[in-house]
Amino acid sequence: MTSLVSAYIGLGSNLGDSAAVLRAAVRALAGLPGSRLVCASRLYRTAAWGRTDQPDFLNAVAQLDTALPARELLAAMLGIERDAGRARSADGSDRWGPRTLDLDLLLYGEATIAEAGLHVPHPHLHERAFALAPLVEIAPDVAIPGIGPAREALARIDLGGIEALPPENPL
């Protein structure tokens, strides 16, 4: 029997009906082979980060127990992004720009992975409130390899510009 790994996936959107896009992405993640959705955070509205000349984002985090290796999970996540209308530029010029859907592999069990195109934990996870707040909501005791408890990382950063949406807007 293949063992399952708890993967935490960051979701973000700031184009179109972002709440609907994120809900559809969570359903798509839940439908991945060898995977089971454990839970998803509520939605968070956050000011754009990196490039501020764009609409606010909706963000969330989903926990998935999966038998997929990290590289296969990432490939499936990129497919979900494409299905949602995300087109990535080859030169990275759209980095931090507006997007229909952005999925980031934040954590993959306790693994530390540094390969071309795959870095786990996500390199800036411990610095980004829009990822940490929903992560800590659903997994308050999770640790970020090489950093420590996610809740302690969250306590060290500014939470300005992030707003938890009411629970009646569930994923």
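Here is a chat about how some labels on this predicted model are earned.

Modeller: Quick ground rules: this is a predicted model, where local features need pLDDT of at least 70, side-chain atom pairs count only at pLDDT 80 or more, and totals for chains, interfaces and linings use all residues. Residues are numbered from 1 along each chain as its sequence is written, and side-chain values use heavy atoms, with hydrogens and water left out.

Colleague: Why is asparagine 59 called buried?

Modeller: Buried means under 20% relative accessible area, exposed over 50%, and partly exposed in between (1.4 Å probe, protein chains only). Asparagine 59 has 5%, so it counts as buried. You'll find asparagine 59 in strand 4, residues 57-66; strands (E, at least two residues) and helices (H or I, at least four) are DSSP runs, numbered from the N terminus.

Colleague: What makes the pairing of asparagine 59 with threonine 46 a polar contact?

Modeller: A polar contact is a pair of N or O atoms within 3.5 Å; within protein, one must be able to donate a hydrogen and the other to accept it, and residues adjacent in sequence count only if both atoms are side-chain atoms. The side chains of asparagine 59 and threonine 46 come to 2.6 Å, so they pass the distance test. A polar side-chain atom of asparagine 59 also lies 3.4 Å from the backbone oxygen of leucine 11.

Colleague: How do you know that arginine 36 and aspartate 65 form a salt bridge?

Modeller: The rule wants a side-chain nitrogen of Lys or Arg within 4 Å of a carboxyl oxygen of Asp or Glu. Here the N to O distance is 3.1 Å, so the pair qualifies. Arginine 36 sits in strand 2 (residues 35-40) and aspartate 65 in strand 4, so the bridge ties together parts 29 residues apart in sequence.

Colleague: Which label does each partner get, buried or partly exposed?

Modeller: Arginine 36 has 46% relative accessibility, so it is partly exposed, while aspartate 65, at 13%, is buried.

Colleague: What makes arginine 71 and glutamate 115 a salt bridge too?

Modeller: Their closest N and O atoms are 2.9 Å apart, so the pair meets the rule. Arginine 71 is in helix 2 and glutamate 115 in strand 6 (residues 113-115), so parts 44 residues apart in sequence are tied together. Arginine 71, at 37%, is partly exposed, and so is glutamate 115, at 40%.

Colleague: How many salt bridges does the rule give?

Modeller: Five. Another one joins arginine 151 to aspartate 141, with the closest N and O atoms 3.4 Å apart. Aspartate 141 reaches 65%, so it is exposed, whereas arginine 151, at 38%, is partly exposed.
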